[in-house]
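Please take a look at the sequence and the model below. A short briefing on helices, packing and selected residues follows.

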Amino acid sequence: MKRKAFDLDTFVQFQSGDEIAFRQIFDYYQPILYRKVLQFCRLGAEAEEVTQEAFVQLFLKRGTIDQPDGIYPFLLLVSKRLSISLFRKHVLQETYKSEVEATWKEEHLQTQQEIAYRELHGLVHETIQQLPPQQQLLYRMHKLENYSYAEIAGQVGLSKNTVRNHLNLACKFVRFRLTKIIGMIVLLGVFQ
């Protein structure tokens, strides 16, 4: 380090709170400390803020420094602690920001899935309503209420084979309509 820009009398005046003596010390150490702090900070403005806060702490605790050679180590220690504190603050902010973004994306995706489910559910019910009345009844009993062919045949008074035939026709119709509708949705989605 270069020769000190102040003597012992200036240091004693600094310890007593003399602003001119403090200014001499500040002018000497500020560029040195700023370059050092800039290695720890992201931005020049942050390095400037840390450097200034280190000098504020130096002025406030000037009575604890017993010799001129203790000024720079004090400034260095305070500025390192402030830089670490600033770094931790940035890490916490980034962590919080990431968590908020992840939560928002998760909630957004869940909302989109719920909307898509409701729309698909509505399309299925619209398609079922387009079936002839007897096929509607049999389809609902089998697919939505989980009745077997035999149970349906017993309740509606049809043979098991008739129930199977009606359900086959109903399933083909529903599958065909939904495939056509979903194909249109995908096609429209590609061109948006």
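How many disulfides does the structure hold? The structure holds zero. This is a predicted model, and the values that follow are computed from it. The points below are grouped by topic, starting with the cysteines.

**Cysteines**

- A disulfide is a covalent bond between the sulfur atoms of two cysteines.
- No such bond is present here: the count of disulfides is zero.
- C41 is buried, at a relative accessible area of 11%.
- C171 is buried as well, at a relative accessible area of 15%.
- Both values fall under the 20% cut-off for buried.

**Helix α1 and its end**

- Helix α1 covers residues 8-15, and its buried residues are T10, F11 and F14.
- These buried residues lie on the same side of α1, because they cover an arc of only 100° around the axis.
- L8 and D9 are exposed, and they sit on the face of α1 turned away from its buried side.
- T10, in helix α1, has a relative accessible area of 9%, so T10 counts as buried.
- Beyond residues up to four places away in sequence, T10 touches A21 and Q24.
- G17 follows α1 and has a positive phi, near 100°.

**Packing of α2 on α3**

- Two packed helices are described by the angle between their axes and the distance between the axes.
- Helix α2 spans residues 19-38 and helix α3 spans residues 44-60.
- Their axes come within 9 Å and cross at roughly 140°.
- That angle makes α2 oblique to α3.
- The cut-off matters here, because roughly antiparallel would need an angle over 145 degrees.
- The crossing of α2 past α3 is right-handed.
- On the α2 side, the contact residues are F22, I25, F26, Y29, Q30, L33, Y34, V37 and L38.
- On the α3 side, they are G44, A47, E48, V50, T51, A54, F55, L58 and F59.

**T51 in the α2 and α3 contact**

- T51 belongs to helix α3.
- Is T51 buried or exposed? T51 is buried, with a relative accessible area of 0%.
- Setting aside neighbours within four places in sequence, T51 is in contact with Q30, L33, Y34 and V37.
- Those four residues are listed in α2 among the residues that meet α3.

**Packing of α5 on α6**

- Helix α5 spans residues 133-144 and helix α6 spans residues 149-156.
- Their axes come within 10 Å and cross at roughly 140°.
- α5 and α6 are therefore oblique to each other.
- α5 passes α6 in a right-handed crossing.
- L137, L138, M141 and H142 supply the α5 side of the contact.
- Y149, I152, Q155 and V156 supply the α6 side.

**The loop between α5 and α6**

- Most residues other than glycine have a negative phi.
- Which sign does the phi of N146 have? The phi of N146 is positive, about 60°, although N146 is not a glycine.
- N146 is placed in the loop between α5 and α6.
- N146 counts as exposed, at 63% relative accessibility.

**Two residues of helix α7**

- Helix α7 runs over residues 160-190 and contains F173.
- F173 is partly exposed, with a relative accessible area of 28%.
- F173 and L131 are 42 residues apart in sequence.
- In space, F173 and L131 are 7.9 Å apart, C-alpha to C-alpha.
- Not counting residues up to four places away in sequence, F173 touches T127, Q130 and L131.
- I181 also lies in helix α7.
- I181 counts as partly exposed, at 23% relative accessibility.
- Not counting residues up to four places away in sequence, I181 touches L123 and T127.
- T127 is thus listed for I181, and T127 is listed for F173.
- I181 and L144 are 37 residues apart in sequence and 21 Å apart in space, C-alpha to C-alpha.

Terms used
Residues are numbered from 1 along each chain as its sequence is written. This is a predicted model: local features need pLDDT of at least 70, side-chain atom pairs count only at pLDDT 80 or more; totals for chains, interfaces and linings use all residues. Side-chain values use heavy atoms; hydrogens and water are left out. Buried means under 20% relative accessible area, exposed over 50%, partly exposed in between (1.4 Å probe, protein chains only). Helices (H or I, at least four residues) and strands (E, at least two) are DSSP runs, numbered from the N terminus. The arc is that of the directions from the helix axis to the C-beta atoms. A disulfide is a pair of cysteine sulfur atoms within 2.5 Å. Axes are lines fitted to C-alpha atoms, for helices over the stretch in contact, and angles run from 0 to 180 degrees between N-to-C directions. Angles under 35 degrees count as roughly parallel, over 145 as roughly antiparallel, 65 to 115 as roughly perpendicular and the rest as oblique. A crossing is left-handed if the near helix is turned anticlockwise from the far one by less than a right angle, and right-handed if clockwise. Contact means heavy atoms within 4.5 Å.
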